[in-house]
Amino acid sequence: RDRTVAAVDVDVADPVDLGLFQNWLRGLGKNRDLIRVKGVFAVKDVPDRYVFSAVDATSSGCFAEPWEPREKKGCRFSLIGANLDRQALRADFMKCLATDENYKKMIANLRFKIGDAVECRLDEERGWCRGKVIRHLYKEDVWDRPPGFVAPYQVRLDTGMLIYCPHDEGGLIRKAPCRMSGGARRRPARRRVSA
C-alpha cells in the first residue's frame, strides 16, 4: 500500500449499474483514507452523465447534461487520499459495472429464485400479500424511480396483480409460509388397547 497522498485514476468504457454504483459510493463514504473523489459516470440506460464530487465527508452527485452523440461514454474519475490500495479500489469499482458477469453475481446473491413463493409488503392498509417471483432485475421504461433503477424482483401476486419489489429486504419481501394441501386433515383413529 502507498504510504503517501496519491491519486488513483480510473477510465473504463462500460457504464455502471445504478444500484451497484450507489452501493459503491456508500462504501467510499466509509473509507477514511479518501480525501477527494471527482468523476463523470455513464449509467446503463440513462442518456445523461452522472457527475459526482466528494471532499472529506461532503459529497454531491446528480445527473447532468446528456452525453454528446459522438462523445466517448464511460466512467472517468479520480480518487485522492493517503494509504490507498489502488488494486482494491479499482476491483471494487469494477464490481458495479453493468456487465453480464456482475448481473449473474447479483442474481446469485438474491434470496429468492424465480418461482419461489413469497409475501410482499404492499402498504399499511393491505399488509403482506402472497405471490410468486416471476423475474429478476426488473425495470420499466417509465416509472417513479431514478433513471437506470433496476428492481431485484417482479412478483405476480395470487390476486393476479403484477408488482415489483424495489429492494431485497426482509421488511419488503419474505418467504411465504407453506400452505396446507388437500383440505382439512383428519386425525388417525386411536387404537384401543385391550387389557
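In this predicted model, the cysteines offer a simple place to start: the structure holds zero disulfides. A disulfide requires two cysteine sulfur atoms within 2.5 Å. For C62, the closest cysteine sulfur belongs to C75 and lies 15 Å away, which is too far for a bond. C120 is likewise in no disulfide, and the nearest cysteine sulfur, that of C165, is 5.4 Å away. The surroundings of these two cysteines can be described as well. C62 is partly exposed, with a relative accessible area of 45%, whereas C120 counts as buried at 2% relative accessibility.

Turning to the chain as a whole, three helices and ten strands are found. Read from the N terminus on, the elements follow the order β-α-β-β-β-β-α-α-β-β-β-β-β. The radius of gyration of the chain is 24 Å, well over the 16 Å that the globule rule gives for 195 residues, so the chain is more spread out than a compact globule. The spans of the C-alpha trace along its principal axes are about 90 × 45 × 30 Å. Of the 195 residues, 33% count as buried. The accessible surface of the chain amounts to about 13,200 Å², and carbon and sulfur atoms account for 50% of that area. Contacts can also be sorted by separation along the sequence: among those between residues at least 6 apart, 57% join residues at least 24 apart.

The strands can now be taken sheet by sheet. One open sheet is built from five strands in the order β1-β5-β2-β3-β4, and its pairing is antiparallel. Its edge strands are β1, residues 5-12, and β4, residues 58-66, each of which pairs on one side only. From one strand to the next, the twist averages 10°. Within this sheet, strand β2 (residues 34-42) and strand β3 (residues 48-55) run antiparallel and are joined by seven bridges. One pair can be picked out by eye in the structure: A42 has R49 in β3 as its bridge partner.

Two helices accompany these strands. Helix α1, residues 18-29, lies across β2, β3, β4 and β5 (75-82), and runs at about 170° to β2. Helix α2, residues 86-94, also packs on the sheet, where it touches β1, β2 and β5. The direction of α2 makes about 30° with that of β1.

A single residue gives a closer view of this part of the model. V12 lies in strand β1 and is buried, with a relative accessible area of 9%. Leaving aside neighbours within four places in sequence, V12 is in contact with G74, C75, R90, F93, M94 and L97. V12 and F77 are 65 residues apart along the chain, yet 9.4 Å separates their C-alpha atoms.

A further open sheet of five strands has the order β9-β8-β7-β6-β10, again with antiparallel pairing. Here β9 and β10 (173-175) stand at the edges with a single partner strand each, so one side of each is left without a neighbour in the sheet. Neighbouring strands of this sheet are turned by 45° against each other on average, direction ignored.

Strand β8 (residues 151-157) is a helpful guide to this sheet. Is this strand mostly covered or mostly uncovered? Six of its seven residues are buried, so to speak of β8 as mostly covered is fair; the cut-off for buried is under 20% relative accessible area. Strand β7 (residues 127-138) runs antiparallel to β8, and six bridges join the two. V133 has V155 in β8 as its bridge partner, and H136 stands opposite Y153 in β8. As general background, side chains in a regular strand alternate between the two faces of the sheet.

Strand β9 (residues 162-165) also runs antiparallel to β8, and four bridges join this pair. Across the pairing, Q154 stands opposite Y164 in β9. The hairpin of β8 and β9 has four residues between the strands, and in this hairpin G160 takes a positive phi near 100°.

Definitions and conventions: Residues numbered from 1 in each chain as written. Predicted model: local features only at pLDDT ≥ 70, side-chain atom pairs only at ≥ 80, totals over all residues. Heavy atoms only, no water. Buried < 20%, exposed > 50% of the residue type's maximum accessible area, 1.4 Å probe, protein only. Pairing = 2+ DSSP bridges. Axes fitted to C-alpha atoms, helices over the stretch in contact; angles between N-to-C directions. Contact = heavy atoms within 4.5 Å. Rg over C-alpha atoms; globule rule 2.2 N^0.38 Å. Areas by Shrake-Rupley, 256 points an atom, 1.4 Å probe, with all protein chains shown as cover.
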